Amino acid sequence: MPLFKEVFQMNHSLFSVAKTTLHLSALGFFVLAASTVTAATPHLDFVEDRLRELAPGSEGSVWERTQGNSINGYQGETWLLQSPNCWGQSDCSNAQGAQKLADAIYNDIANAEQWVDITTLATYPDGIFQAAIVNGIKQARLNNPDITIRILAGTPPAVGSTNTAYSETAYAYFNRLTNDLGSAADDARIIIAGVETSWLYSWNHSKMVTVDAKSAIVGGHNLWTAAYEGGENPVSDVSMRLTGPAAESAHKFADNLWGFACTWSNNWWNQSLYVDLIKGDGFSWWDSCPATHQTSPAPATGSAQVMALGGLGFGMDESAGNGTGLAPANDSEAACSYWFTDYFNNDAAYSMENPAEHGMRSLIESATSNIFISQQDLIGPCLAPFANAYYDARLFNILADKLIAQIPVQIVVSTPGANQGSLVPYANAKALTEVTDILLRKVKQRANVGDTQAKEIVCNSLQYAPIRIAEGVDAWANGKLIANHAKVFSVDDAAFYVGSKNLYPSTLQDFGYIVEDPAAVTEFNNLYRSVIWQNSKSAAIVDFETGVCNI
């Protein structure tokens with residue numbers, strides 16, 4: 001084992017070690033230098049240092065590290081809320097994963113005493129998720145009738161401005177919600193907003209249910225029953241639940257969204273283009289728009305350390321960076337079109353307003369023994385000028401460096417062509433080899449080797465497959481290809497991310513958590529990482545363990 005790996009793993013396994021800061025060289029090797037930060041959480045330490053360099057002004061509002069958290073489910077249920085969660089089965093029509101998520105949402109809302117924040121992507125909640133919200137509000141208001149309930153949905157173009165089978169305005173959802181609530185809606189402090197922060201370019205994509213700064217459910221699930229609950233071709237997705245101070249971090253991120261919504265709902269023009277907002281009759285006419293959450297201080301519930309990572313997309317005007325931002329990636333191949341600007345990869349201001357992307361890359365950069373990635377895709381949708389980044393150039397640089405350093409990288413993505421109808425795609429890449437083509441090019445450039453050596457480097461350390469729920473089953477019985485909507489990854493069997501942010505380029509508002517906690521990582525590996533790879537590896541186009549390398 002190389003010496004740097006031995007040093008890192010020894011420091012990671014011992015809790016009484018010298019205090020250090022970890023700095024990464026161009027190929028991802030750690031150099032140890034004196035500092036005042038304990039090595040018990042080296043990955044979080046590394047990410048925190050990187051974020052303080054890039055975006056110090058948004059610490060505590062867009063990103064935040066907290067201690068005293070517990071990664072737990074409600075009353076003994078698992079905190080890892082995945083659907084359909086029917087691994088090894090070719091028929092998942094009776095899977096209960098989505099219902100488990102709905103039950104967790106109900107339980108947290110039902111116990112609300114002060115404040116509930118729900119953010120999602122339009123269309124608005126329906127089916128089992130709407131029932132969970134409605135029944136939770138009914139129960140909560142029996143004991144605490146003055147709770148405030150903020151529900152904010154990101155509204156892509158034409159989704160939220162009209163009422164169709166695929167679109168619903170905030171007003172229409174408010175009416176649906178209050179009708180479902182019946183008398184429980186009387187005098188309720190409910191406010192609904194549909195938000196697009198930059199017309200055609202940016203909207204909310206975060207997914208959270210956060211209650212009283214005590215509990216938070218965060219992840220990739222949109223609150224759409226048809227995508228997840230039963231059916232012949234459910235989408236695979238992952239969310240998580242925790243309690244403790246990190247729950248308030250989610251409220252703080254939601255405050256950013258509501259600050260925009262409250263400001264930009266002030267006239268008919270802004271309402272038409274950016275914000276659709278309606279308040280319940282529990283708000284008096286003199287009440288200001290609730291842009292800032294009001295809860296008691298968040299109590300500690302455990303010992304887990306958590307990093308909340310948010311990004312503001314375009315249009316929020318909340319620059320809180322270091323004044324310089326990240327240097328351009330300078331990869332012309334990463335742009336979808338020569339004629340339009342690739343802000344994602346090259347704009348300094350964008351990098352400062354979206355620290356989540358830098359934080360997520362930094363976590364992957366901190367890896368010294370292994371990397372696991374489960375994503376919808378690593379390739380962007382390429383809809384220039386609105387989405388003009390084909391891939392995250394900095395991310396692929398890091399992945400190439402890890403492969404060069406012989407650090408195993410395991411990737412599971414959505415099956416190319418997976419969808420739930422022509423309007424709801426769940427894959428961007430047309431072929432799996434789009435990712436390996438980029439990796440081969442990056443390895444050649446960064447290791448200064450030829451085609452044969454680059455292929456050998458990639459084939460010797462990469463495992464890469466489309467998702468399979470059951471080994472050898474390449475499609476559902478109805479012919480639909482299998483879709484992965486998870487936004488998760490882990491490093492070194494020590495830290496993981498769960499959230500709404502994709503690793504492919506997207507300029508939206510997103511939120512998620514990095515957790516570095518041994519017990520939580522063990523459960524993550526046992527319940528998700530090991531089973532998704534076990535069932536997907538038979539479809540791998542690259543697998544260094546079996547010698548497969550079809551690139």
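Guide: A quick definition before we start: a polar contact is a pair of N or O atoms within 3.5 Å, and within protein one must be able to donate a hydrogen and the other to accept it. Keep in mind that we're looking at a predicted model.

Visitor: How many residue pairs are in polar contact between domain 1 and domain 2?

Guide: The chain splits into domain 1 (69–303) and domain 2 (325–550). Salt bridges between the two come to zero. For polar contact, with both residues at pLDDT 80 or more, the count is 23 residue pairs.

Visitor: Which three residues supply 18% of the area that domain 1 buries against domain 2?

Guide: Between them, the domains bury about 3,800 Å², with 66% of it on carbon and sulfur atoms. On the domain 1 side, no other three residues give more than this trio: Trp-87, Tyr-201 and His-205.

Visitor: And which element gives the largest share of the side of domain 1 that touches domain 2?

Guide: In all, 47 residues of domain 1 are in contact with 41 of domain 2. By class, the domain 1 side has 27 nonpolar, 17 polar and three charged residues. Elements giving two or more residues to that side include β10 (215–219), β11 (237–243) and α7 (245–263). The largest share, six residues, comes from α7.

Visitor: Over in helix α11, how many residues are buried?

Guide: Buried means under 20% relative accessible area. Among the residues of α11 that qualify are Glu-357, Arg-361 and Glu-365. The helix spans residues 355–365 and is largely enclosed by the rest of the structure, because the buried count is 11 of the 11.

Conventions:
Residues numbered from 1 in each chain as written. Predicted model: local features only at pLDDT ≥ 70, side-chain atom pairs only at ≥ 80, totals over all residues. Heavy atoms only, no water. Buried < 20%, exposed > 50% of the residue type's maximum accessible area, 1.4 Å probe, protein only. Helix = DSSP H or I, 4+ residues; strand = E, 2+ residues; numbered from the N terminus. Domains from an automatic or database assignment. Contact = heavy atoms within 4.5 Å. Buried area = accessible area lost by both parts, 1.4 Å probe. Salt bridge = Lys/Arg side-chain N within 4 Å of Asp/Glu carboxyl O. Polar contact = N/O pair within 3.5 Å; in protein donor to acceptor, adjacent residues only side chain to side chain. Nonpolar A, V, L, I, M, F, W, Y, C, P; charged D, E, K, R; others polar.
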